[in-house]
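Please look over the sequence and the model below before reading on, and keep both at hand while you follow the explanation.

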Amino acid sequence: MILKKSYVKKTLLIMSGVVFFTSCEKEFTTLGADLVEDPGFEVNKRVFEVNAENQGLDAVRTDLMPMYELSDYVDPVFGRSEASYITQLSLSQTSPSFGGLSAEDEAAADADEDPSTIRENETVTAVYLDIPFFSVANDTLDDSNLAIPYEIDSVFGDVESPIRISVNEYTKYLRQNDPSTNFQSEQEYFSDEDPQAFLADLLFDGDYTLNFEELRFFDNEDDPDTDEDESENVSSRLSPRIRLELDNDFFQRRIIDMEGQDVLKDQELFREYLRGIYVKIDHPSDNLKMLLNTLEGNITIKYTYDDYNSETEEVEVARDSFILNLGRKSINVFNGDMYPGSVEDAIAAGSDAGRLYLKGQSGVSAKIDISAGQDVESFLAEAKANNWLVNEANLYFYIDEQASDAQNIPDRLYLYDLDNQVALPDYVQDPVGVVNTAPELSYAFYDGRLEEEEGDDPFYRFRITQFVRNIINNDSTHVNLGLGVTSSIANPALVSAKNRQGEELVVPQASIGYPYGVVLYGANVPAEEQSKRVRLELIYTEPEQK
């Protein structure tokens, strides 16, 4: 039996949606019952073999991701892989004035008789790179100074061991638009990007222990006129995150000392000037994957400056900060060892493969040809000629439990129209759609959920009824489907990828951020495994012969 991840909240969500889902299922099956009772029609079922082959991927497009990954991990099925992260930086404010005066005013300080016009001598005191985890505050506290507990999501593996993190300046310019299309389309960046030639100043390199606690800061000054010690009160909070202290001198030279210069007056000039950073981790036991909330990440530059106090007529030291945002253009870079022999053999076998090895990142997707034999094509032609109605078309994929990592079987797969590079009509027209309160119940008719029935092997089933009907009604020859793992069934987006032959194809964007994989039975299985073979099942209605 598959050992699935257990989450209390997830269980509650499932239970809360049982009534809703059951009513949907009843409505769906009633259609078939009505047809059976009609004396003028006969309901039949046929099962067809289909072809299935592994699509080994060399690279996937990663510059449009809603999240980015840092990992150093050995998968028990697929072996070792790494994910590193490249991102542009953006000014939180263009033409910033550091301190209280502009660079122009400071330059005039020697000639200005106003005592408040001084050289402020802005000096960087600390620089922090913050990359938050995906997290949810799961409680409120009576004591406002205590740490709020958080539930952390999307961090997998050994979180206790210190990891090695390095951060470098990245000097390759990441274009927004593609010059080969006269800048009419967006520039695509893929996971096989080689960062090594573009690494410059080392901004951080050291051991780091992950901390999943809320960060609290106590920067208040005590008011001597009150009984309360205000310095013991929390002044600000940050959700759990990776927080690294970067090199002060680099940001002194490249940001603070450039006050008033053109490179800080315009975002595009700035991105040309300081092109980005590169972040990489190294785990001592190769056992850590982190999907991070990079869109909320930033670099905070803390600095002091000389400030003229008009009341005391003295120059005092003041403090301020400036933020650089991450992520207008970012890339995940994936590297890894060659897959074990069983996986490589299955990829090389094409449609003769006995197993489908689905994996996220730039891993493995599958191509499914539902016209594998002329039987199904003949059936579709016959159905059209005789006005048969396809009531339901189901595609089944069975899990090879022994070959899979049983602890991390995906709860869901995503099936799509590979030929037309779009979501299936059954997905688009699903009457349930997204269920925010119970994501597991989303797209219940289209399905693709992991199922375990008593006396049967675990499997995934997809209803592709409308897809098959369209083939019949429109004489379509597009019968190839794509199959991949997914981190979110609510995300149907497909992105560019390259297979090992250099051919372009599309894969689910949500598969790129999924940390695990699964092994399915393919099309070429021995006689004793025929019940687990990938198959297409059609339930259809035809008029009774008079």
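How many residues lie between β3 and β4 in the hairpin that they form? The model you are looking at is a predicted one, and in it the hairpin of β3 and β4 has three residues between its two strands. Strand β3 covers residues 68-75, while β4 covers residues 79-91, and the two run antiparallel, joined by five bridges. If you look for a particular pair, you will find Asp-75 standing opposite Gly-79 of β4.

Strand β3 also has a partner in β15 (residues 287-292), with which it pairs in the antiparallel sense over six bridges. Here Asp-72 is matched with Leu-288, its bridge partner in β15. Strands of a sheet pair in this way through backbone hydrogen bonds, and they may do so either parallel or antiparallel. Because seven of the eight residues of β3 are buried, this strand is largely enclosed by the rest of the structure.

From here we can turn to the nonpolar interior. The largest nonpolar core has 110 residues, and those with the most contacts inside it are Met-290, Ile-299 and Ile-464. Strand β17 (residues 314-336) supplies the largest share of this core, namely five residues. Leaving aside residues up to four places away in sequence, Met-290 touches a number of residues, among them Tyr-68, Glu-69 and Leu-70, as well as Phe-133, Ile-242 and Ile-281. There is also a second, separate core of ten residues, which includes Phe-78, Val-343, Ala-346 and Val-364.

Another part of the model to trace is an open sheet. Which order do its five strands follow? They are arranged as β1-β29-β20-β24-β23, with antiparallel pairing, and the edge strands, each of which pairs on one side only, are β1 (41-49) and β23 (447-451). From one strand to the next, the twist averages 20°.

Within this sheet, β20 (residues 389-398) and β24 (residues 459-463) pair in the antiparallel sense over five bridges, and Asn-394 has Arg-463 of β24 as its bridge partner. Helix α9 (residues 465-474) packs on the sheet, where it touches β20, β24 and β29 (535-543), and the direction of the helix makes about 125° with that of β20.

Technical notes
Residues numbered from 1 in each chain as written. Predicted model: local features only at pLDDT ≥ 70, side-chain atom pairs only at ≥ 80, totals over all residues. Heavy atoms only, no water. Pairing = 2+ DSSP bridges. Helix = DSSP H or I, 4+ residues; strand = E, 2+ residues; numbered from the N terminus. Axes fitted to C-alpha atoms, helices over the stretch in contact; angles between N-to-C directions. Contact = heavy atoms within 4.5 Å. Buried < 20%, exposed > 50% of the residue type's maximum accessible area, 1.4 Å probe, protein only. Core = buried A, V, L, I, M, F, W, Y, C linked by side-chain atoms within 4.5 Å.
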